[in-house]
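Reader: I would like to learn how the words used for a protein structure are justified. Could you take me through them, with the rule beside each value?

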Amino acid sequence: MCSIYQFLYSFRNNVNDTIPKFKSNIAVEALNKLTEIKEKVSSVEIFMSNEPYNIQLIAKGNILFSNFWNTLEFENYTTSVLPGKKKGINGSVIGGYNIGINKKIKDERKIAAIKVLEYLISEEVQKNIIIKKLHLNSALSKLYDDDEVCSLTNCEIIKEIQAMSRPSNTLKNYDIYSSKAIHIFFDFITGKKTPEEALTKIDDITKIYFLSVNTRVGFIIFCILILTTVMILSSIFLILIPKFKEYFIFFSTDLWIIYSLGSVFIIIGNFLYFGELSGTKCSMINTFLIIGIEIIYITLIYKLILNFPKTNKFSKWMSNHKIIFFILFIAVDVIISLISIFGKGFTTKDIVFDFSQNFRVCRFNNTLGILIYIYQRIINCVLFLGITFLFFLEWNIEESLQDIRNFTFTMIINGISQILFILFDFLIINNYILHYTLHISINLLFVFMNQIYIFIIRIIILMTWSVPEDEKIINQLIINKQFANITASNYNVIIKASNTISNSETESSSISKQSSENSKKYLSKILNYHYATNQS
């Protein structure tokens, strides 16, 4: 691995340049030069040999040039810098030992440890022990101006060497990285991979891929999000056009705007998938998604409570305190989201593969993050079930008959989307493009159904396939007849049940009879609401 790094470093164009990127043209040029060296003056076996084999060749004098550490000295061989692509440019990987101080120890022990370090890196120790006794090189460059030191080591070469370090201190596990990279490099040496393929694979070992507008897929997704945002904002203006007002009577104008804000929040959260993920970004994505969904749901809840077949104290309070109702719900969401962000409830996890593209996903950072996630999903589920139940109760209200059916279709898709939300939060997909595409696609499906379908597609369908007035009357008569039959049937069931209970009084307790009667009473009441056509 060191040989690969220092060879790439020797192919710089300028002395002050950093090591070329693995996917750069310079790196490709370097590997092509290695191929030329292998074919003209070396062999596959030598390139794939290990250190003991190299030492053996040098000791026997069977190799003309060898790239090796300077910790060993051999007769009949001299040390020189590794030649570079250009004159005056070379490269050499440096290695050594690291010394650290535990930051959790007491201050007085830190001071003592610093004094030890100062002694170890002093000129005296470096010269008399490191160089003179151990015959190693020191990192103190000024020692190589000392005549005594230069009598023991080749100061001119050390001054000429353009050194670099391995990425052992920047990687989580350098040994695993090195093992994978060498395996890929051997595939290149044996001709199984081209220089471009090998360099890309080596780069993929440590690179974390993320969604970017600079890629084709990322650009397409970004354009779709922009187009969806424009459609959302444009669709809001439909409620202001007199020609379409008859199709937007379910909500008042302000409620339609609030309802649309839910889709806007969800779309904003999707833009955050672009770029490198962080714990804060993950919290923000979750925040925008949850607030967006709940804005849509509480708008529906508010309207359905006002639209309830029987006017009650709760619906009256809601009618008189609209602003308070929405502020309470949204304020709770915002507070919980802020707790999640500042409490670092979310973090990121790197999904690493042996020979594939690594990427980063959002994960819980602590118990706080897990609890907030569970709470938010439970609230969403409760709101979803509440809306579904109210849809059933208000199914035949004439004023909202068509709207209820359209929103019911939307809620069916919403339910599927919410299951997929949770599923893909925990499912590991071994492709970063597919991972991000699926998450964004599910969010877009939710937005499409609640905004594009309700505001645009629904209107087109109603304008194209409008039901004649006489057919509407016939349908309503059928509903009324069904309602009358079911009501009578329920009444007979209750009478028969009462008679049966009274006749078998000795076999049942009074509590059981009361419970049975209450159940039938509530069932009858629910069905009465379901078949009601007007508010009372």
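**Cavity, salt bridges, backbone and surface**

Author: By class, the lining of the largest cavity has two nonpolar residues, two polar ones and three charged ones, where Ala, Val, Leu, Ile, Met, Phe, Trp, Tyr, Cys and Pro count as nonpolar, Asp, Glu, Lys and Arg as charged, and the others, Gly among them, as polar. This is a predicted model, in which local features need pLDDT of at least 70 and side-chain atom pairs count only at pLDDT 80 or more, while totals for chains, interfaces and linings use all residues. Residues are numbered from 1 along each chain as its sequence is written, and side-chain values use heavy atoms, with hydrogens and water left out.

Reader: What makes this space a cavity, and which residues line the largest cavity?

Author: On a 1 Å grid over the protein atoms alone, a cavity is a set of points where a 1.4 Å probe fits but cannot get out, and its lining residues have an atom within 4 Å of a point. The count comes to one cavity of 30 Å³ or more, and the largest cavity holds about 40 Å³ of space, a volume being the space filled by probe spheres set on the points, which are joined across faces, edges and corners. Its lining consists of Ile249, Phe250, Lys303, Asn307, Glu399, Ser400 and Asp403.

Reader: Why is the contact between Asp403 and Arg458 called a salt bridge?

Author: The term asks for a side-chain nitrogen of Lys or Arg within 4 Å of a carboxyl oxygen of Asp or Glu, and the side chains of Asp403 and Arg458 meet at 3.3 Å, N to O, so the pair fits the rule. Asp403 lies in helix H17 (residues 401-426) and Arg458 in helix H18 (residues 432-464), so the pair ties together parts that are 55 residues apart in sequence; helices (H or I, at least four residues) and strands (E, at least two) are DSSP runs, numbered from the N terminus. Both Asp403 and Arg458 are buried, a word that means under 20% relative accessible area, whereas exposed means over 50% and partly exposed in between (1.4 Å probe, protein chains only).

Reader: How do you know that Lys40 is exposed, and where do Lys40 and Glu36 lie?

Author: Lys40 has a relative accessible area of 64%, and therefore counts as exposed. Glu36, at 32% relative accessibility, counts as partly exposed. The two residues both lie in helix H2, four residues apart, about one turn of the helix, and their side chains meet in a salt bridge at 3.1 Å, N to O.

Reader: What sets the phi of Asn76 apart as a positive value in a residue other than glycine?

Author: Most residues other than glycine have a negative phi. Phi of Asn76, by contrast, is near 70°. Asn76 lies in the loop between helix H4 (51-60) and strand E1 (92-94), and at 80% relative accessibility this residue counts as exposed.

Reader: Which residues make the nonpolar surface patch?

Author: Ile99, Val116, Tyr119, Leu120 and Ile121 make a nonpolar surface patch of about 500 Å². Val116, placed in helix H5 (residues 107-120), is partly exposed, with a relative accessible area of 47%. Patches are made of residues with over 30% relative accessible area and no salt bridge, with like charges joined within 9 Å and nonpolar side chains (Val, Leu, Ile, Met, Phe, Trp, Tyr) within 5 Å, so Val116 at 47% passes the area cut-off.

Notes
Accessible areas come from the Shrake-Rupley method with a 1.4 Å probe; for residues, only the protein chains shown count as cover. On a 1 Å grid over the protein atoms alone, a cavity is a set of points where a 1.4 Å probe fits but cannot get out, and a pocket is an open set with protein on both sides within 12 Å along at least five of seven lines; lining residues have an atom within 4 Å of a point.
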